[in-house]
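Q: Could you take me on a close look at one helix in this model, and then show me what lies on either side along the chain? I would enjoy a connected account.

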Amino acid sequence: MGQSTRLPAVFSFTHKVCPICKENKKVEEYPTYFSKARNKHRIGNYCKPCGRKEAKPRAIKNYQENQEKRKQYAKDYRANPDNKEKRRKLEIHFKKKYREELQDCYVRDVLATRYDIPTEVSREIPEIVETKRLQIKIRRKLKNLKNGKK
Ligand SMILES: [Zn+2]
């Protein structure tokens, strides 16, 4: 019924020199794509084998470049006073949650600040965290009993 919008790839040339391997190759050996902006088929810069070899370092490079962008974004986000209040509220919320649920990070924090046990140590020996957690649980329970709560 409807006509296909994808036109067959027709080029005014049959061969092209790849800038990487410097070989004059048939256009079939190049990737093709449809350029919406130019409304016509385009041929990739590098031949297929070279394109594949290029893809990985290019992906790594892109990742590294984007990493800088991501870092900058996080920095801008933190610098924005509008977000400062939002972040502070979130921090309070999570601190409270970790404390109530006696999560590892909270127990490790207690061990580090009140007992001088560095986080690396409590991370290495999970029994320390387990024991401290139990201890806090018992203490909280006793406190609640004393206050008449269950
Ligand atoms: Zn090539």
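A: Happily; here is a walk that begins with the helix and then visits its surroundings.

Please keep in mind that this is a predicted model. The helix to look at is H2, which covers residues 81-100. H2 has 20 residues, and from its first C-alpha to its last it reaches 29 Å. That is close to the 28 Å expected at 1.5 Å a residue. H2 is also hardly covered: among its 20 residues, the count of buried ones is 0. After H2 comes Leu102, a residue with a positive phi near 50°.

How does the domain assignment fit with this? It gives domain 1 as 15-74 and domain 2 as 92-146. The C-alpha centres of domain 1 and domain 2 are 52 Å apart.

Now for some detail at residues 24-43. Strands E3 (residues 32-35) and E4 (residues 40-43) run antiparallel and are joined by 4 bridges. Ser35 stands opposite Lys40 of E4. The two strands, E3 and E4, form a hairpin with 4 residues between them, and Asn39 in the turn has a positive phi of about 55°. The loop between strand E2 (24-26) and E3 holds Glu28. Glu28 counts as exposed because 10 other C-beta atoms lie within 10 Å, and the cut-off for exposed is 12 or fewer. Glu28 also has a partner to compare in sequence and space: Lys48 is 20 residues apart from Glu28 in sequence, while the C-alpha to C-alpha distance is 9.2 Å.

Finally, let us turn to a pair of helices, H3 (residues 104-115) and H5 (residues 126-146). Their axes come within 9 Å and cross at roughly 90°, so H3 is roughly perpendicular to H5. On the H3 side, the contact is made by Asp104, Val107, Arg108, Val110 and Leu111. H5 contributes Ile128, Val129, Lys132 and Arg133. As a general point, an α-helix has 3.6 residues a turn, so residues three or four places apart point the same way.

How values were computed: Residues are numbered from 1 along each chain as its sequence is written. This is a predicted model: local features need pLDDT of at least 70, side-chain atom pairs count only at pLDDT 80 or more; totals for chains, interfaces and linings use all residues. The expected span of a helix is 1.5 Å times one less than its number of residues. Two strands pair if DSSP finds at least two bridges between them. Domain bounds come from an automatic or database domain assignment. Axes are lines fitted to C-alpha atoms, for helices over the stretch in contact, and angles run from 0 to 180 degrees between N-to-C directions. Angles under 35 degrees count as roughly parallel, over 145 as roughly antiparallel, 65 to 115 as roughly perpendicular and the rest as oblique. Two residues are in contact if their C-beta atoms, placed from the backbone, lie within 7 Å.
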